[in-house]
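The following exercises concern a single protein structure. Each task is followed by a worked solution, to be read beside the model.

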Amino acid sequence: MDTSEDILKDVENFCVKLRPIADVCYLEHKFNDQIIPIAKKFDILGLPVPKEFGGREADIFTYIKSFERIGIEGTGISTVLSVHSSLVQKTLMKFGTDKQKERYLEPSVKGDIIFAFGLTEPNAGSNPQELQMNFKKEQNSYILNGTKYLISNGTIADTILVFAKSTIDDKTSAFMINTNQDGFEKEELASKMGTPTTDTGMFELTDFKISTDNLVGEEGQGWQIAKHALIEGRLGVAAGCVGSIKDCLIESIEYSKERMQYGKAIAKHQLIQEHIAGIEVHLSSAEAMVNRAVTIKDKWDKNPEDKELMKKADLAIAEAKLFSANAAFDAADKAVQIFGGRGWSFWYRPGRHLVDTRVCKIYEGTEEILKLKIAAGVLGNQYQAYY
Ligand SMILES: Cc1cc2nc3c(=O)[nH]c(=O)nc-3n(C[C@H](O)[C@H](O)[C@H](O)COP(=O)(O)OP(=O)(O)OC[C@H]3O[C@@H](n4cnc5c(N)ncnc54)[C@H](O)[C@@H]3O)c2cc1C
């Protein structure tokens, strides 16, 4: 039986081994193709998955601590693993059939298949209910057509959880699709501002035929499945941001004590101390919000039918994600400032966090949509401003 310490030790070793490789990837602005092999080596590709499918069966507190640790290496790195585990493995654990769990979970834990989550489309971002990918049923098959855009792990994934609308009643359903099949065309997204170490891509399905066994949950349940997945995913993003803030603090303390200007360490200048204090307060606040969200989520996990707990967890996680993403971006900005001209370079870690955390304010719920969601949560659903 793995203890929490065993799991966190493997996560630590993964991070230590990955760092020199990630350094080069940031400098050369290239995808880090060693994330998966090293994660495989330290057996961290199935942290939340039950033992019966070969996973580590980490409790939610250990799972989230793992993402806080990985976030120190950069949210671009935590994204790869969060999509694989939080968005897809956890969705299969909750909504998958026994056959799907057997087919996908064990190979995904071993790293033989890597997952992606395909919700966003060129014309459906903040409002995924406007998606246009469609499916029609033909005897024992579904035929899918449409395009998904801005998908993390999009060109490296072997299997993708996609969402599509019925051509008959417009209701959304979720499907597992394998990418090594005819009718799948993919393209990597070039020229990204940040997260160079993550793969981001788009893909098109043309008359893509799958068995009815690939339907996840029930027909028409897709939107509910997507919402559950995003709750899990946002918690992972928030935890990654906590790690990123922690790294900004570590780096800023070390650098400001070493760098001398006006005859003393810059750490002795009061305006530098203001930046350090700001990063520290971001860290303790983001940590507290993530801990609160995890505690509520844990209660909901133990009472999955409790709708009130679901609402509370959804809201607490949205708040934690909104706050942590903004705090992480601001912490990185402050750290870049402490590093002065050197900060404006990928040779130093704060600049990497600055570009990586910027997108945390966009994916898995933009900050605007999360604010509206939080406001509706406290005002009441009749005040929901987005629909
Ligand atoms: C690096 C990266 C990785 C991603 N990974 C994935 C992934 O793995 N899977 C996936 O499915 N998607 C992924 N996404 C997509 C991401 O979730 C979307 O970009 C995001 O939901 C916003 O959609 P959009 O880009 O179409 O922006 P839009 O929806 O066009 O929004 C543009 C702006 O308008 C604002 N806006 C929109 N509607 C409202 C409103 N009602 N009120 C106020 N403001 C509003 C938005 O907040 C935003 O500021 C990724 C994106 C990026 C950049």
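**Exercise 1.** Which domains does the domain assignment of the protein give, and where do they lie?

*Solution.* The structure is a predicted model. Reading along the chain, the assignment gives domain 1 as residues 4-114. Domain 2 follows as 117-216, and domain 3 as 222-383.

**Exercise 2.** Describe the interface of domain 2 and domain 3.

*Solution.* Step 1 is the separation: the centres of domain 2 and domain 3, taken over C-alpha atoms, are 29 Å apart.

Step 2 concerns the residues involved. On the side of domain 2, 14 residues are in contact with eleven residues of domain 3.

Step 3 is the area. The size of an interface is often given as the accessible area lost when the parts come together. Between domain 2 and domain 3 about 1000 Å² is buried, and carbon and sulfur atoms give 75% of this area.

Step 4 turns to polar interactions. Zero salt bridges are counted between domain 2 and domain 3, whereas two residue pairs are in polar contact across the interface.

Step 5 examines the side of domain 2 that touches domain 3. Strand E5 (residues 172-178) gives the most to this side, with three residues. By class, this side has eight nonpolar and six polar residues, and no charged residues.

**Exercise 3.** Which residues are closest to the ligand, and how many residues surround the ligand?

*Solution.* The ligand is surrounded by 16 residues. The closest are Thr-120, Ser-126, Leu-150, Thr-366 and Glu-368.

Individual atom pairs come next. A side-chain N or O atom of Thr-120 is 2.6 Å from a nitrogen atom of the ligand. For Ser-126, a side-chain N or O atom is 2.6 Å from an oxygen atom of the ligand. The side chain of Ser-152 has an N or O atom 2.8 Å from a nitrogen atom of the ligand.

**Exercise 4.** How many salt bridges does the structure hold? Where in the chain are the partners Lys-246 and Glu-287?

*Solution.* The structure holds 28 salt bridges. In one of them, the side chains of Lys-246 and Glu-287 meet at 3.6 Å, N to O. Lys-246 belongs to helix H6 (residues 222-258) and Glu-287 to helix H7 (residues 270-302). With these positions 41 residues apart in numbering, the pair links distant parts of the chain.

Notes: Residues are numbered from 1 along each chain as its sequence is written. This is a predicted model: local features need pLDDT of at least 70, side-chain atom pairs count only at pLDDT 80 or more; totals for chains, interfaces and linings use all residues. Side-chain values use heavy atoms; hydrogens and water are left out. Domain bounds come from an automatic or database domain assignment. Contact means heavy atoms within 4.5 Å. Buried area is the accessible area (1.4 Å probe) that two parts lose on being put together, summed over both. A salt bridge is a side-chain nitrogen of Lys or Arg within 4 Å of a carboxyl oxygen of Asp or Glu. A polar contact is a pair of N or O atoms within 3.5 Å; within protein, one must be able to donate a hydrogen and the other to accept it, and residues adjacent in sequence count only if both atoms are side-chain atoms. Helices (H or I, at least four residues) and strands (E, at least two) are DSSP runs, numbered from the N terminus. Ala, Val, Leu, Ile, Met, Phe, Trp, Tyr, Cys and Pro count as nonpolar, Asp, Glu, Lys and Arg as charged, and the others, Gly among them, as polar. A residue is near a molecule or strand if one of its heavy atoms lies within 4 Å of it.
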